[in-house]
Amino acid sequence: MTTLLIHGGTVVNPTGPTRQDVLVEGETVAALLAPGSALATAVHSGAVRPDRVIDATGRYVIPGGVDVHTHMEMPFGGTRASDTFETGTRAAAWGGTTTIVDFAVQTRGQRVQDQLALWHAKAAGNCAVDYAFHQIIGDVNDESLKAMSELIDSGVTSFKLFMAYPGVFLSDDGQIVRAMRAAAGNGALIMMHAENGPVIDVLVRQALSEGRTGPYHHGTTRPWQTEQEATHRAIMLADLTGAPLYVVHVSARQALARVAEARDAGQNVFAETCPHYLYLSLEEQLGARSAQWGEFEGAKWVCSTPLRARSEGHQEALWRHLRTGDVTAVSTDHCPFCMTDQKELGRGDFSRIPNGIGGVEHRLDLMFQGVKEDRLSLGRWVEVCCAAPARMFGLYGRKGVIAPGADADIVVYDPDGHTSFGLGPGRSHHMNMDHSAWEGWEIDGHVDVVLSRGTVIKDESGYVGRPAHGRFVRRGLSQNLI
Ligand code: DUC
Ligand code: ZN
Ligand code: ZN
């Protein structure tokens with residue numbers, strides 16, 4: 001069995017930093033070696049000779065990132081997300097994410113099992129890193145509810161419902177209660193897209209009829225009240241049924257306040273946010289103009305829930321709740337669309353702009369910026385990017401931590417390095433997009449080396465992995481529930 005030693009670095013688990021070497025045997029972590037321990041001495045004296053040694057002096061050694069919200073090649077808004085499983089997971093590898101959880105999609109008239117099989121076929125043999133699935137249920141009925149138990153047995157243990165997108169994905173309250181009752185009985189986790197879709201549709205039609213057709217109005221027609229109301233309703237229905245609830249991509253501080261209140265009352269309610277909601281805003285991004293695109297520039301940041309007004313204080317509140325634990329995990333909701341031929345579908349009508357931002361490559365770096373700015377501790381950085389998402393979705397132990405027996409998914413991270421985001425001279429990204437939501441951003445920190453199950457897939461020379469390396473991971477039930 002191949003042995004590898006990561007030597008001289010500081011291991012950061014959610015508990016914080018410790019000076020340790022990491023010994024990897026085959027695909028798993030064999031041992032953490034404290035300086036001066038018998039094994040460390042044996043390695044350093046040459047009595048034990050690993051096949052490969054990675055020098056991590058001055059570096060953090062952290063668990064591979066776990067991004068529990070991606071949409072590779074997702075059909076949406078008359079087109080499909082521009083990253084395939086191959087290009088998107090390669091970009092993830094560049095950025096130190098070694099596990100993604102993507103969404104299989106079922107809509108009206110489709111069999112859940114057939115749709116999951118379709119997503120397996122898209123991903124199999126194409127992924128640079130390990131992958132798992134959630135199931136979107138866009139048509140809650142007797143058949144799809146029955147399918148839940150079957151999926152749980154096959155390692156798909158979380159189900160996303162939508163309170164938005166009427167006629168496409170929306171479940172009405174009765175359907176939500178039925179799905180939640182099923183989840184309360186079978187241990188599944190309900191993930192909720194919490195925005196009041198029917199109300200948003202009225203606001204959108206009104207804006208368009210009044211000539212407010214630019215991307216900025218994607219934001220103004222999805223005001224925080226529509227997110228807070230839906231979040232409150234989802235929490236109440238979860239309380240009624242006893243189902244655990246994970247509210248995805250929370251962006252409104254008022255919605256988060258409802259999550260925090262429910263958690264304080266002891267309910268199994270969890271929230272996720274994304275880097276774009278922490279850093280970007282309605283004013284600066286959705287309201288942006290450029291020489292190339294004019295006011296349509298803002299289309300780059302059209303996603304749902306929307307980026308929110310900085311003047312309303314959402315970003316600061318999200319950071320605060322992230323630090324205190326009311327936001328459990330940070331994902332990317334990676335759902336990239338190019339401007340040309342994709343976002344452009346919505347020129348003159350913002351409601352036709354495909355919703356989504358690409359960012360799977362940048363999450364670890366962007367969140368490390370939170371450490372640099374004293375918004376997060378080192379341990380909390382690893383917690384929100386690696387351990388907590390793994391635990392939330394039944395992966396922890398194998399993923400999300402560096403410990404004996406865990407998969408050797410490891411990132412060697414240089415805190416003194418430097419990363420420039422975007423496209424163009426001196427910058428590059430590896431997502432299949434013709435623009436970057438993070439154009440021009442420069443931050444401290446750099447992903448130096450990435451291991452996936454003991455194999456180096458990214459080093460100083462760049463990506464050195466292969467598309468067939470990533471394997472499907474069967475997940476257990478959420479480890480956050482008692
Ligand atoms: N939101 C997005 O921005 N894109 C995909 C689906 C979603 O809910
Ligand atoms: Zn969503
Ligand atoms: Zn999503």
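This is a dialogue about reading metal sites, a ligand pocket and two buried residues in a predicted model.

Biologist: Which residues of the protein are donors to the zinc ion (ligand 2)?

Modeller: Start from the metal and list the protein atoms that bind to it. For the zinc ion (ligand 2) these are NZ of Lys160, ND1 of His193 and NE2 of His249, and they lie 2.1 to 2.2 Å from the ion.

Biologist: How are those donor residues spaced in sequence?

Modeller: A spacing pattern is read from left to right, with x standing for the residues in between. Here the pattern is K-x32-H-x55-H. His193 belongs to strand β14 (residues 189-193), while His249 is in the loop between β15 (245-247) and α9 (253-264). The two histidines are 56 residues apart, and the pair links distant parts of the chain.

Biologist: Are His193 and His249 buried or exposed?

Modeller: Both His193 and His249 are buried.

Biologist: What is the geometry of the site of the zinc ion (ligand 2)?

Modeller: The general idea is to compare the angles with an ideal. Four tetrahedral donors would ideally give 109.5 degrees. The zinc ion (ligand 2) has four donor atoms, with angles of 84 to 126° among them, and its site is irregular. To count as tetrahedral, all angles must lie between 85 and 135 degrees.

Biologist: How far is the zinc ion (ligand 2) from the zinc ion (ligand 3)?

Modeller: The separation of the two ions is 3.9 Å.

Biologist: And which protein donors does the zinc ion (ligand 3) have?

Modeller: Its protein donors are NE2 of His69, NE2 of His71 and OD of Asp333, at 2.0 to 2.2 Å. Along the chain their spacing reads H-x1-H-x261-D. His71 sits in the loop between β8 (65-70) and β9 (75-76), and Asp333 in the loop between β17 and α13. These two residues are 262 residues apart, another pair that links distant parts of the chain.

Biologist: Why does His71 count as buried?

Modeller: Burial is judged from relative accessible area, and the cut-off is under 20%. His71 counts as buried because its relative accessibility is 4%. Asp333 counts as buried too, because its value is 9%.

Biologist: Which residues are around ligand 1?

Modeller: List the residues that surround the molecule, then look for polar contacts. The residues around ligand 1 include Lys160, His193, His249 and Asp333, and among the others are Phe162, Tyr165, Cys303 and Gly356.

Biologist: What polar contacts does ligand 1 make with Ser304 and Asn355?

Modeller: A nitrogen atom of ligand 1 is 2.7 Å from a polar backbone atom of Ser304. A nitrogen atom of the ligand also lies 2.9 Å from a backbone N or O atom of Asn355. On the side-chain part, an N or O atom of His193 is 3.0 Å from an oxygen atom of ligand 1. Of the 240 Å² of accessible area that ligand 1 has on its own, the protein covers 100%.

Biologist: Where is Val360, and why does it count as buried?

Modeller: Val360 is in the loop between β17 (329-330) and α13 (363-372). It counts as buried because its relative accessibility is 0%. Leaving aside neighbours within four places in sequence, its contacts include Asp67, Met72, Ile100, His334 and Met431. Its C-alpha atom is 11 Å from that of Thr98, a residue 262 places away along the chain.

Biologist: Where is Thr10?

Modeller: Thr10 is in strand β2 (residues 10-13). Thr10 is buried, because its relative accessible area is 17%. With neighbours within four places in sequence left aside, its contacts include Pro17, Arg59 and Val61.

Key: Residues are numbered from 1 along each chain as its sequence is written. Chains are lettered from A and ligands numbered from 1 in the order in which they are written. This is a predicted model: local features need pLDDT of at least 70, side-chain atom pairs count only at pLDDT 80 or more; totals for chains, interfaces and linings use all residues. Side-chain values use heavy atoms; hydrogens and water are left out. Donors are N, O and S atoms within 2.8 Å of the metal (3.2 Å for Na, K and Ca); water is not among the atoms, so sites may look incomplete. Four donors count as tetrahedral if all angles lie between 85 and 135 degrees; four count as square planar and six as octahedral if opposite donors are over 155 degrees apart and all others between 65 and 115; anything else is irregular. Helices (H or I, at least four residues) and strands (E, at least two) are DSSP runs, numbered from the N terminus. Buried means under 20% relative accessible area, exposed over 50%, partly exposed in between (1.4 Å probe, protein chains only). A residue is near a molecule or strand if one of its heavy atoms lies within 4 Å of it. A polar contact is a pair of N or O atoms within 3.5 Å; within protein, one must be able to donate a hydrogen and the other to accept it, and residues adjacent in sequence count only if both atoms are side-chain atoms. Accessible areas come from the Shrake-Rupley method with a 1.4 Å probe; for residues, only the protein chains shown count as cover. Contact means heavy atoms within 4.5 Å.
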